[in-house]
Amino acid sequence: MNELHYIGFDVHKKTISYCIKTAAGHITEEGTLPAQRGALREWASSQTMAWQGAMEATLFSAWIYDTLKPYSAGLEMAHPAKMKAISAGKKKSDTIDARTIADLVRCNLLPACYVAATIRELRRLLRYRSLVVNEAVRMKNKMAGLLMETGAEYVPVFK
């Protein structure tokens, strides 16, 4: 029988800590991976057992999710605000966080959030466009203010 393993990922900018547990809760492997697509693909393809995993949703979790999803039997993102309430302890480290996430996946207690795979790129593009438009308006207003402050004639070019 092919046993399912449960993996918790603690994601950071440069590294990803992971903990692999059996259904009984025994740790089979722990470690740290570089936060790079190639290293993640190599690690995920080397896993011999079927696995289900989870990670906390962060600003840069989306590409990690997309990279690992094809290799997993199931991959989820945890809601960060709800995870804070669960893992608010005095002893906190990357290893402990990865173990906690693995246990939450194993016991089906993970506060999962929805991952909008189909429209994520469009949202990112629209957020960037909004930023550019806001910055352009801010600069136009700043220049108009500087001209009016000195008494120079201000003729708005864009409306």
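**Entry 1: the sheet.** I take two strands as paired if DSSP finds at least two bridges between them. The model I examined is predicted. I first looked up strand β2, residues 15-21, and found 7 bridges joining it to β3, with the two strands running antiparallel. Within this pairing, I noted that Thr15 has Pro34 of β3 as its bridge partner. I then traced the whole sheet: it is open, has 6 strands and follows the order β3-β2-β1-β4-β5-β6, with mixed pairing. At its edges I found β3 (27-34) and β6 (112-113), each of which pairs on one side only.

**Entry 2: the helix across the sheet.** I next looked up helix α4, residues 94-106. I recorded that α4 lies across β1 (5-11), β2, β3 and β4 (51-56), and that its direction makes an angle of about 140° with β1.

**Entry 3: two residues of β2.** I checked Ser17, which lies in strand β2. Because its relative accessibility is 6%, under the 20% limit, I entered Ser17 as buried. Leaving aside residues up to four places away in sequence, I listed its contacts as Gly8, Phe9, Asp10, Gly31, Thr32, Asp94 and Ala98.

I turned to Lys21, also placed in strand β2. Is Lys21 buried or exposed? Its relative accessible area is 6%, so I entered Lys21 as buried. Its side chain makes a polar contact of 2.9 Å with the side chain of Asp103. With the same exclusion of residues up to four places away in sequence, Lys21 touches His5, Tyr6, His26, Ile27, Thr28, Arg99, Ala102 and Asp103.

**Entry 4: aromatic pairs.** I found 4 aromatic pairs in the structure. For Phe9 and Trp51, the ring centres are 5.9 Å apart and the planes stand at 70°; I therefore classed the pair as edge-to-face, the angle being over 60 degrees. This pair links distant parts of the chain, since Phe9 is in strand β1 and Trp51 in strand β4, 42 residues apart. Both partners are buried: Phe9 has a relative accessibility of 0%, and Trp51 has 2%.

I then looked up Tyr18 and Trp43, whose rings form a tilted pair with 4.9 Å centre to centre and 55° between the planes. This pair too links distant parts of the chain: Tyr18 belongs to strand β2 and Trp43 to helix α1 (residues 37-46), 25 residues apart. I entered Tyr18 as buried at 7% relative accessibility, and Trp43 as buried at 8%.

Finally, I noted that ring pairs link Phe9, Tyr18, Trp43 and Trp51 into a cluster.

Note on methods
Residues are numbered from 1 along each chain as its sequence is written. This is a predicted model: local features need pLDDT of at least 70, side-chain atom pairs count only at pLDDT 80 or more; totals for chains, interfaces and linings use all residues. Side-chain values use heavy atoms; hydrogens and water are left out. Helices (H or I, at least four residues) and strands (E, at least two) are DSSP runs, numbered from the N terminus. Contact means heavy atoms within 4.5 Å. Axes are lines fitted to C-alpha atoms, for helices over the stretch in contact, and angles run from 0 to 180 degrees between N-to-C directions. Buried means under 20% relative accessible area, exposed over 50%, partly exposed in between (1.4 Å probe, protein chains only). A polar contact is a pair of N or O atoms within 3.5 Å; within protein, one must be able to donate a hydrogen and the other to accept it, and residues adjacent in sequence count only if both atoms are side-chain atoms. Rings of Phe, Tyr and Trp (its six-membered ring) pair if their centres lie within 6.5 Å; planes under 30 degrees apart count as stacked, over 60 as edge-to-face and the rest as tilted.
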